[in-house]
Amino acid sequence: MLDIHDDRSLNGKNERERRSKRRFLIDQEVKYKMLYGQRIAETGVGRTMNISSGGVWFTTENMLTSGMPVELSMSWPVLLNDSCPMKLMIYGCVVRSNEKGAAVAIERYEFRTQGSKTFQQNGVPAPLEVRLTN
């Protein structure tokens with residue numbers, strides 16, 4: 001991950017980046033769902049380009065409609081306690097979209113665990129069928 005909060009040239013003048021949140025370059029696959037009420041209007045897959053606590057910029061398969069609610073899910077690149085993979089769920093609204101990608105303002109987010117790698121690798125598979133006898 002790289003911090004990209006730095007000086008930028010705006011209109012030929014050397015000014016400080018105007019965004020108030022630090023952005024980090026995180027390149028991960030992201031799945032998105034465009035929501036229309038309780039229904040899923042569109043789904044797709046892309047890649048995150050950068051993330052801050054306020055928003056996400058990611059590539060999309062199609063231009064997304066500004067103002068629409070969206071749900072994003074991505075595998076987090078760091079393991080919890082060095083063993084448990086996590087998924088980041090982001091809920092927000094599309095604020096900008098073009099042929100290259102979309103920007104989503106984050107309204108809320110949550111981390112979900114995906115099970116310990118150790119448990120997944122060394123675990124005993126569950127029986128397919130259990131029969132009880134009297």
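**Exercise 1. Burial and geometry of an aromatic pair**

Determine whether Y32 and F58 are buried or exposed in this predicted model, and classify the geometry of the ring pair that they form.

*Solution.*
Step 1. Both residues fall in one class: Y32 is buried, and F58 is buried as well. The class requires a relative accessible area under 20%.
Step 2. A pair of aromatic rings is described by the distance of the centres and the angle of the planes. For Y32 and F58, the centres lie 5.6 Å apart and the planes meet at 50 degrees.
Step 3. Planes under 30 degrees apart would count as stacked, and over 60 as edge-to-face. At 50 degrees, the pair of Y32 and F58 is therefore tilted.
Step 4. Y32 belongs to strand β5 (residues 29-36) and F58 to strand β7 (residues 55-58), so the pair ties together parts 26 residues apart in sequence.

**Exercise 2. The remaining aromatic contacts**

Classify the pair of W76 and F111, and state which residues ring pairs link into a cluster.

*Solution.*
Step 1. The structure holds three aromatic pairs.
Step 2. W76 and F111 are 5.2 Å apart, centre to centre, with 80 degrees between the planes; this pair is edge-to-face.
Step 3. W76 is located in the loop between β8 (69-75) and β9 (86-97), whereas F111 is in strand β10 (residues 102-113), so the pair connects parts 35 residues apart in sequence.
Step 4. F111 has a relative accessibility of 40% and therefore counts as partly exposed.
Step 5. The cluster linked by ring pairs consists of W76, Y109 and F111.
Step 6. A ring also takes part in a contact with a charge: the charged end of R108 sits over the ring of Y91, 4.0 Å from its centre.

**Exercise 3. Strand pairing around β6**

Establish how many bridges join β6 to β5 and how many join β6 to β7, and describe the two connections.

*Solution.*
Step 1. Strands β5 and β6 (residues 39-51) run antiparallel and are joined by eight bridges. Within this pairing, V30 stands opposite G46 of β6.
Step 2. The hairpin of β5 and β6 has two residues between the strands, and G37 adopts a positive phi near 70 degrees there.
Step 3. Strands β6 and β7 are likewise antiparallel, with three bridges between them. T48 has F58 in β7 as its bridge partner.
Step 4. Three residues form the hairpin connection from β6 to β7.

**Exercise 4. The surroundings of T59**

Locate T59, give its exposure class and list the residues that it touches beyond four places away in sequence.

*Solution.*
Step 1. T59 is found in the loop between β7 and β8.
Step 2. The relative accessible area of T59 is 26%, so this residue is partly exposed.
Step 3. Leaving aside residues up to four places away in sequence, T59 touches Y32, G46, R47, M49, K100 and G101.
Step 4. With R47 there is a polar contact: the side chain of T59 reaches the backbone nitrogen of R47 at 2.8 Å.
Step 5. T59 and S97, 38 residues apart in sequence, have their C-alpha atoms 9.4 Å apart.

**Exercise 5. The protein as a whole**

Give the order of the elements, the buried share of residues and the exposed area.

*Solution.*
Step 1. The protein has 10 strands and one helix; from the N terminus on, the order is β-β-β-β-β-β-β-β-β-β-α.
Step 2. Of its 134 residues, 31% count as buried.
Step 3. Among contacts with a separation of 6 or more, 50% involve residues 24 or more positions apart.
Step 4. The exposed area is about 9,600 Å², of which carbon and sulfur atoms supply 49%.

Terms used
Residues numbered from 1 in each chain as written. Heavy atoms only, no water. Phe/Tyr/Trp six-rings, centres within 6.5 Å; stacked < 30°, edge-to-face > 60°. Helix = DSSP H or I, 4+ residues; strand = E, 2+ residues; numbered from the N terminus. Buried < 20%, exposed > 50% of the residue type's maximum accessible area, 1.4 Å probe, protein only. Lys NZ or Arg CZ within 6 Å of the ring centre and 35° of its normal. Pairing = 2+ DSSP bridges. Contact = heavy atoms within 4.5 Å. Polar contact = N/O pair within 3.5 Å; in protein donor to acceptor, adjacent residues only side chain to side chain. Areas by Shrake-Rupley, 256 points an atom, 1.4 Å probe, with all protein chains shown as cover.
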